[in-house]
Amino acid sequence: MRATLWTGLLLACAPAQAADTLTGAGSSAAALLYRAWGQAYARQHPVELQYEAIGSSAGLKKIRAGEVAFGASDVAPSEAELQRDQLVLVPTFVSGAVPVVNLPRVPRGRLRLSGELLADIYLGRVTRWNAPELQALNPGLNLPDLPIRPVGRSDGSGTTYYVSDYLSQVSPAWLRQHGRQTQIAWADTVSRAKGSQGVVQAVQDTPGTIGYVDYNYVVEQDLNPVQLRNAAGQFVAPSVAGFRAALRASDWVSKGDFHAPLTQRTGAASWPIAMGSFVLLPRVSSQSEATERALRFLMWTLLKGDTVVEGLSLVRLPDALQAQAFKALSSVSDRQGRALGAIAFSSMTR
């Protein structure tokens with residue numbers, strides 16, 4: 001299979017012996033992490049990770065159809081959906097969705113936006129960068145007299161879900177028109193781009209553009225992020241500390257509820273569009289070898305992949321949540337009744 005079919009994400013160094021293949025698909029926001037995890041894992045194990053960055057919605061479709069060993073999604077399916085599809089949900093890390101701009105003469109990280117204004121931009125209500133509403137929030141900036149060119153994801157995306165969840169909480173107009181969705185029927189005033197890298201390219205190519213991506217793309221590609229007003233009324237810049245503050249203020253930590261929102265959490269330091277990421281595997285696998293290979297890889301990421309997570313400006317799971325992730329992975333079996341999760345864990349600890 002040609003590398004172009006995997007969107008450039010052939011994720012392993014070639015080991016001396018023939019490598020087994022491990023397939024995954026889904027979140028493009030998480031693609032940088034899977035690339036780094038895959039490369040680190042391949043240095044210790046003869047496994048080649050091939051990961052398709054096709055968006056959370058498409059990744060869910062592939063794992064439901066049994067086309068990959070694991071799916072990756074930035075949105076957790078409901079408990080009813082997990083039961084229906086017989087899938088196991090495992091959290092992996094926490095990050096944040098970040099609006100980014102291409103604005104001449106505006107210093108990196110200086111532009112301030114409220115959620116209401118961000119919604120109005122994507123709804124086509126505020127159309128120029130020197131609009132009075134924007135100037136009022138940014139009195140010290142020389143905002144250019146340029147049309148605002150918003151870019152949204154064309155594919156089903158967890159990043160879109162978290163952005164729309166945030167906007168739904170702060171903008172009644174957004175809630176009425178779009179609500180919380182992984183895929184938005186954008187107005188004609190919004191350009192469409194496929195995947196996180198597509199949004200990055202659109203923003204980099206055209207002055208006056210605003211888009212949204214996961215924070216690790218902001219860092220890796222030196223994009224210009226905005227400051228957002230959070231639930232405490234503070235303007236905050238995106239940061240690992242801000243994502244961690246949102247996580248600590250959520251029911252993920254207090255109740256172990258991975259379906260609980262990470263957006264608009266309390267606290268002066270919390271980034272308002274914090275987002276989780278997950279992997280999904282079959283609860284009872286019909287492809288024992290592939291699933292066991294995925295389990296070994298995912299357990300390794302929890303045990304030894306923390307430095308990779310932190311090196312990519314992401315938030316590792318607290319120890320208590322990692323223990324819950326291990327418990328979920330250990331519950332996976334095959335149709336012959338073999339406890340694949342337990343077997344994978346045993347092979348790692350020998």
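Which residues in H1 meet which residues in H12? Let's start right there, and then I'll walk you through the rest. One thing up front: this is a predicted model.

So, on the H1 side we have Tyr 34, Trp 37, Gly 38, Ala 40 and Tyr 41, and they meet Arg 296, Phe 297, Trp 300 and Thr 301 in H12. If you sort the residues of that contact by type, you get six nonpolar, two polar and one charged. To find the two helices on your screen, look for residues 31–42 for H1 and residues 288–304 for H12. Their axes come within 11 Å and cross at roughly 100 degrees. Angles from 65 to 115 degrees count as roughly perpendicular, so that is what we call H1 relative to H12.

Okay, let's zoom out to the whole chain. The secondary structure comes to 15 helices and 14 strands. How far does the C-alpha trace span along its principal axes? About 65 × 45 × 35 Å. For 350 residues, a compact globule would have a radius of gyration near 20 Å, and the chain has 20 Å, so the two agree. Of those 350 residues, 56% count as buried. On the outside, the chain exposes about 14300 Å², with carbon and sulfur atoms supplying 48% of that. And if you take contacts with a separation of 6 or more, 77% of them are between residues 24 or more positions apart.

Let's make those long-range contacts concrete with Ser 56. You'll find Ser 56 in helix H2, which covers residues 56–64. Ser 56 has 2% relative accessibility, so it counts as buried. Setting aside neighbours within four places in sequence, Ser 56 is in contact with Gly 26 and Ser 27, then Ala 72, Ser 73 and Asp 74, and then Gly 156, Ser 157 and Gly 158.

That last name is our next stop. Gly 158 sits in helix H6, residues 158–170. Is Gly 158 buried or exposed? Buried, because its relative accessibility is 1%. Leaving out residues up to four places away, Gly 158 touches Ser 56, as we just heard, plus Asp 74 and Val 75. Asp 74 also shows up in the contacts of Ser 56. For a sense of distance, Gly 158 and Lys 62 are 96 residues apart in sequence, and their C-alpha atoms are 15 Å apart.

Now go over to strand E12, where Leu 280 lies. Leu 280 counts as buried because its relative accessibility is 0%. Beyond neighbours within four places, its contacts include Leu 60 and Ile 63, Phe 70 and Gly 71, and Leu 87, Val 88 and Leu 89. Pro 77 is another of the contacts of Leu 280. Those two are 203 residues apart in sequence, yet C-alpha to C-alpha they are 9.5 Å apart.

E12 also comes up when we look at helix H10, residues 240–248. Which residues of H10 are buried? Val 240, Gly 242, Phe 243, Ala 245, Ala 246 and Leu 247. The buried residues of H10 pack against E4, H9, H11, E12 and H14.

Some of those H10 residues meet Val 315, which is in the loop between H13 and H14. Loop or not, Val 315 has 1% relative accessibility, so it counts as buried. Apart from neighbours within four places, Val 315 is in contact with Val 240, Phe 243, Arg 244 and Leu 247, as well as Phe 93, Val 94 and Val 309. Compare Pro 132: that residue and Val 315 are 183 positions apart in sequence, and here the C-alpha distance is 37 Å.

While we're in that loop, have a look at Ser 313. Its phi is near 60 degrees, a positive value in a residue other than glycine. Ser 313 counts as buried, because its relative accessibility is 16% and the cut-off is under 20%.

There's another positive phi at Gln 86, near 55 degrees, again in a residue other than glycine. Gln 86 lies in the loop between helix H3 and strand E4. With a relative accessible area of 35%, Gln 86 is partly exposed.

That's the tour, so rotate the model and find these spots for yourselves.

Conventions:
Residues are numbered from 1 along each chain as its sequence is written. This is a predicted model: local features need pLDDT of at least 70, side-chain atom pairs count only at pLDDT 80 or more; totals for chains, interfaces and linings use all residues. Side-chain values use heavy atoms; hydrogens and water are left out. Axes are lines fitted to C-alpha atoms, for helices over the stretch in contact, and angles run from 0 to 180 degrees between N-to-C directions. Helices (H or I, at least four residues) and strands (E, at least two) are DSSP runs, numbered from the N terminus. Angles under 35 degrees count as roughly parallel, over 145 as roughly antiparallel, 65 to 115 as roughly perpendicular and the rest as oblique. Contact means heavy atoms within 4.5 Å. Ala, Val, Leu, Ile, Met, Phe, Trp, Tyr, Cys and Pro count as nonpolar, Asp, Glu, Lys and Arg as charged, and the others, Gly among them, as polar. The radius of gyration is taken over C-alpha atoms; the globule rule is 2.2 Å times the number of residues to the power 0.38. Buried means under 20% relative accessible area, exposed over 50%, partly exposed in between (1.4 Å probe, protein chains only). Accessible areas come from the Shrake-Rupley method with a 1.4 Å probe; for residues, only the protein chains shown count as cover.
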